[in-house]
Structures are given as C-alpha cells and as structure tokens.
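This briefing covers the domain layout of one chain and the contact between its parts.

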Amino acid sequence: MQNPQIVVSDVQKVFRTQERDVVALKDINLTIKQGEFVCLLGPSGCGKSTLLNAIAGFSLPSSGSIQVDGQAVTAPGPERGMVFQEYALFPWMTVAQNVAFGLEVKGMSKGAMAERVDSLLDKLHLKDFRNRFPKDLSGGMRQRVAIARVLAMDSPIMLMDEPFGALDALTRRNLQDELLRIWAEFGKTIIFVTHSIEESIYLADRIVVMTYRPGTVKRDHRVAIPRHRDPSCAEFNELKRELGSLVMEEQQRHAAAEMKLAAVD
Amino acid sequence: MQQHLKSFVRGAIVPVVVLLVWEACARTGLVSPIVLPAPSAVAAKWWEALLSGELVHDSIASLYRVVVGFVAGAALALPLGLTMGSSPRLYGLFNPMLQLLRPIPPIAYIPLAILWFGLGNPPSVFLIAIGAFFPVLMNTISGVRHVDGIYLRAARNLGVGRLALFTRVMLPAATPYILTGVRIGIGTAFIVVIVSEMIAVNDGLGYRILEAREFMWSDKIIAGMITIGLLGLALDSAMNALNNHLLRWHRGLEH
Ligand SMILES: Nc1ncnc2c1ncn2[C@@H]1O[C@H](COP(=O)(O)OP(=O)(O)OP(=O)(O)O)[C@@H](O)[C@H]1O
Ligand SMILES: [Mg+2]
C-alpha cells in the first residue's frame with residue numbers, strides 16, 4: 001500500500017431531468033491507495049453507482065476531477081475492470097469466449113490467450129463449464145465468469161457494483177471469500193459498492209459511508225478487525241451497530257424525501 | 001410413440017376426407033376436370049413432371065432467383081440497418097425516405113423493373129431484393145435499438161473498438177430480431193418470385209403455372225401450386241433449423 005492510485009477531488013454530479021435537477025454527488029474527495037479494498041456503503045439512491053460509474057469513466061462528473069495513476073479519467077478502459085450486478089456477460093458467447101473476449105480484441109496471440117483463460121477458469125472453478133452459455137449457469141457461476149473476465153484483462157483496479165446483491169446468502173459468502181482470496185493473490189485495488197453493512201465489514205479495509213441526496217461522504221472508516229473476520233465476534237458486531245445507525249439516518253432522510261415528493265405530486 | 005401415432009392419425013383425418021370428397025366429385029363428373037381435376041390426375045401430372053426433369057428445373061430456377069434476390073436485398077439492408085440503428089443522426093437522415101418507400105409493394109415496381117432491366121432474371125431478382133430489403137432493414141434497426149446498454153458498457157470497459165463493437169456485440173445481440181426479419185423477408189421473396197415469373201421470364205414455377213393456364217391444364221396448375229407449397233415449407237424448415245442453431249444461446253429457446 002504505497003502511492004495514492006485513485007484520487008477523487010471535489011467531484012460533483014448533477015443529473016438534469018425535466019422536472020428538477022438532482023444533485024447525486026457533492027464535494028466528494030477520496031484518495032485510494034494501490035491494493036486497498038474500499039466499500040462504498042449507503043442506502044438506495046445515495047449515489048454509489050454514480051460515483052463508481054464516474055471512476056469507471058462511463059459518465060463523467062459535472063465538476064471536479066478523477067485521476068487514476070496521475071491520469072484524468074475521460075473514458076472507460078480495461079485498466080479499470082467493472083463487474084456489474086446484472087453480470088453483463090455476453091449471452092451469445094460461451095464461458096471461455098466471454099473470458100477471452102477482452103484479450104482477443106486486444107490482439108493477444110491464440111496460445112497465450114488459451115493459457116490465461118484456462119488458468120483463470122481453473123482458479124474460479126469454472127473449468128467444467130467452459131463451453132456452456134451463460135443462460136445455463138446459476139447466478140453465482142455467472143458472477144464468477146464476470147470476475148474471471150476482468151481478471152483476464154489484468155486490470156489493476158476492479159470496480160464492483162453490488163456484484164453479489166442478487167445471490168443467496170450461502171453463495172454470497174462463498175464468493176466473498178473467493179474475492180478476498182483473489183484480492184490477496186493479485187494485489188488488486190477494489191472499489192466495491194454495497195448496501196449490506198455486514199458485507200462491507202467482512203470485505204473492506206475501508207468503508208466509505210455516503211449520505212442521501214446530495215451524495216457526500218458521511219464517514220470514512222478504516223476497519224481495524226484482523227482478517228479473516230468472524231461476523232459473530234464482538235468487534236464485528238460493535239462496528240455493525242455503529243455503521244448501522246449511520247446508514248439508518250440516511251435511510252430515514254431518503255424515506256422523508258420520498259414522502260415529501262409524494263405530497264407535492 | 002403411441003402418442004405420436006395418435007396425433008398423426010388425428011391430423012390426417014381432415015386432409016384424407018377432403019381428398020376423398022374431391023376425388024368423388026371429379027369422378028362422378030359433378031365438376032368439369034378443367035375447373036377442378038381429380039387429385040389422382042394432379043398426382044399423376046406431378047409425377048410426370050418430376051420424372052421429365054421439368055419440375056426440378058423450374059424449382060431450381062425459382063429458388064435461384066429467391067436466393068440471389070434475397071441475398072442482394074439483405075446484404076444492403078443489414079449494414080444500413082446496423083448503422084441506422086446505432087446512429088440517431090443517420091436514422092434521422094434516411095428514415096423519412098425509407099418510410100415513404102416502404103409501403104409501396106414490390107409488385108408495383110414491375111413496370112419499372114422491366115423498363116430498367118428488360119426481361120430475364122435481372123428484373124425478377126430486383127423485385128425480390130426489394131421485397132426482402134424492408135423486412136430485414138426494419139428488424140435490424142429495431143434489433144440494434146433494443147440492444148441492452150449493459151452489453152455496450154461491458155464491451156467499452158473491456159476496451160472493445162468500434163468495429164468489434166458492431167460485429168461482435170451489436171450484431172449478435174440483434175440476431176433474434178434480424179432473424180425474424182430474414183424470415184419475413186424470405187416469405188415476401190417467395191411471393192414476389194412467383195409473381196415476377198409470371199411476367200418476365202420463361203421458366204420457374206410461376207411461369208409454369210401461368211403457361212399451364214394458357215392450355216387450361218388445371219392438373220398441371222395445381223401440381224405447380226403444390227410444388228410451390230412444398231418448396232416454401234422446405235425453405236421455412238431450413239430457416240427454422242438455422243434459427244435454432246444461431247440462437248442456441250438464447251434464453252427464449254430453452255426447451
Ligand atoms: N440518469 C439519471 N438521471 C437522473 N437521475 C439519476 C440518474 N442516475 C441516477 N440518478 C439519481 O441520482 C441518485 C443516485 O443514484 P445512484 O444510482 O448512484 O444511487 P445508488 O446509491 O447506486 O442506489 P442503489 O443502491 O439503488 O443502486 C438517485 O437519487 C437517482 O435517482
Ligand atoms: Mg446503484
């Protein structure tokens with residue numbers, strides 16, 4: 001953990017809709033070091049995806065800047081690999097083809113490509129599924145493929161938007177452990193969006209709690225619990241309570257805002 | 001197996017009864033053979049035409065026109081549809097004129113086709129190409145427009161360039177729509193080939209049934225019609241097989 005790798009400075013994002021302007025992000029300042037595992041935590045609508053998409057380069061901030069390794073982010077790129085909640089696998093490609101696609105368009109040689117794909121499929125327990133289409137896989141399997149696809153690109157940064165949100169509890173824990181293993185092995189920088197407090201404590205070095213409209217940083221908490229973390233231990237639950245009350249405050253502001261909107265309509 | 005046999009027998013009842021009644025009407029002289037020849041006479045004629053090679057020659061001639069015309073029409077429609085579907089600017093540029101041309105049935109182009117291309121295969125192929133062009137175009141456009149944005153984002157994130165985005169992402173994502181267009185296009189091509197053969201050429205199934213009319217050979221007319229039906233069925237089955245193969249990844253086709 002040396003240099004700051006991702007620097008978000010004074011980022012603001014305003015969505016202009018017909019009825020009103022929505023300030024989704026305001027005064028966001030974050031510095032993320034190489035190899036850090038950061039969770040963005042907050043209730044629905046607080047701008048987690050907006051911030052992640054801005055770092056990914058899908059939608060640029062209205063003002064402020066985002067720099068990765070000293071370069072301003074202007075477009076998406078393979079050095080910031082994204083894992084989407086909806087998997088976003090290409091359904092017309094087999095598992096192996098999905099994992100290979102990014103390498104193929106980069107012009108990697110067939111041999112090197114096959115080697116890398118094989119080793120990743122092996123690592124993520126997908127070997128027996130290499131010639132299946134995504135429709136034949138379970139949600140957990142699909143997300144493994146999506147992770148393998150990003151790993152294939154050798155992206156130093158992984159951006160994950162509620163990647164395990166749609167999975168059952170057991171599969172979810174399984175993939176969380178797998179992700180931690182991958183993180184330790186490959187030394188990735190990971191920004192992981194979630195609205196599960198427990199998930200964020202289980203995974204993160206650092207938890208950034210966000211406020212609801214405008215989305216700002218409410219608390220930037222460094223998790224001191226040593227890994228591997230036990231969700232039933234006292235420290236874990238202490239932190240869970242603490243973060244829980246922060247998120248709850250924002251959740252209530254969210255609910256109040258919605259009531260007010262409903263009253264105006 | 002038992003079940004299959006049962007449903008086959010049930011499906012055969014109506015056709016068999018119709019054929020028997022038809023044969024009876026013809027045999028008893030209730031209707032003149034010029035108005036409605038007996039099915040046995042039609043079958044005999046069909047067999048005769050098959051043995052003489054005429055039927056095969058005409059079928060191939062018709063099929064050739066369908067294939068060439070369809071490929072020409074689709075080859076124009078596909079790239080145009082892909083670009084129009086993905087670029088609102090090009091869409092705005094081309095769409096008004098296409099909407100104006102689209103309602104004109106291909107048949108209405110016959111006089112122009114003959115003026116431009118004379119007689120023989122070219123006008124026929126031209127008409128078929130027009131018939132195939134619009135269904136493929138319209139479906140390709142809506143296929144591209146319905147491509148889920150998440151695929152485009154995933155592709156851009158992987159560093160996929162513009163050309164590969166077209167050929168490797170948008171094209172396959174739009175295939176279900178495109179194949180629907182292809183199917184409609186082939187159907188239209190099949191209608192247009194028969195009509196065009198009645199005008200501009202001297203072989204093919206459309207020409208043959210019109211020729212038979214000159215001599216009031218009703219049995220030959222009906223034999224020709226049945227061949228057209230069989231050819232259409234074969235074409236549609238082939239399309240179906242292609243469809244199932246190309247869309248084997250598609251959720252909707254899970255059996
Ligand atoms: N394209 C858009 N146009 C207008 N408003 C938008 C747009 N995208 C997001 N917003 C608004 O910006 C705010 C932040 O949205 P965002 O999707 O980032 O929230 P989120 O924290 O990811 O929520 P969730 O947990 O539900 O995914 C929301 O209030 C949303 O309504
Ligand atoms: Mg979100």
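The domain assignment, which is automatic or taken from a database, splits chain B into domain 1 (1–31) and domain 2 (38–254). This is a predicted model, in which local features need pLDDT of at least 70, side-chain atom pairs count only at pLDDT 80 or more, and totals for chains, interfaces and linings use all residues. Residues are numbered from 1 along each chain as its sequence is written, chains are lettered from A in the order in which they are written, and side-chain values use heavy atoms, without hydrogens and water.

**Contact between the domains**
- The C-alpha centres of domain 1 of chain B and domain 2 of chain B are 33 Å apart.
- Five residues from domain 1 of chain B and four residues from domain 2 of chain B make up the contact (heavy atoms within 4.5 Å).
- About 380 Å² is buried between domain 1 of chain B and domain 2 of chain B, 71% of it on carbon and sulfur atoms; buried area is the accessible area (1.4 Å probe) lost by two parts on being put together, summed over both.
- Trp22(B), Glu23(B) and Ala26(B) account for 83% of the area that domain 1 of chain B buries against domain 2 of chain B, more than any other three residues.

**Salt bridges**
- Zero salt bridges are found across the interface of domain 1 of chain B and domain 2 of chain B (a side-chain nitrogen of Lys or Arg within 4 Å of a carboxyl oxygen of Asp or Glu).

**Annotated region**
- UniProt, in an unreviewed entry, lists residues 59–239 of chain B as "domain: ABC transmembrane type-1"; such annotations may be inferred rather than shown by experiment.
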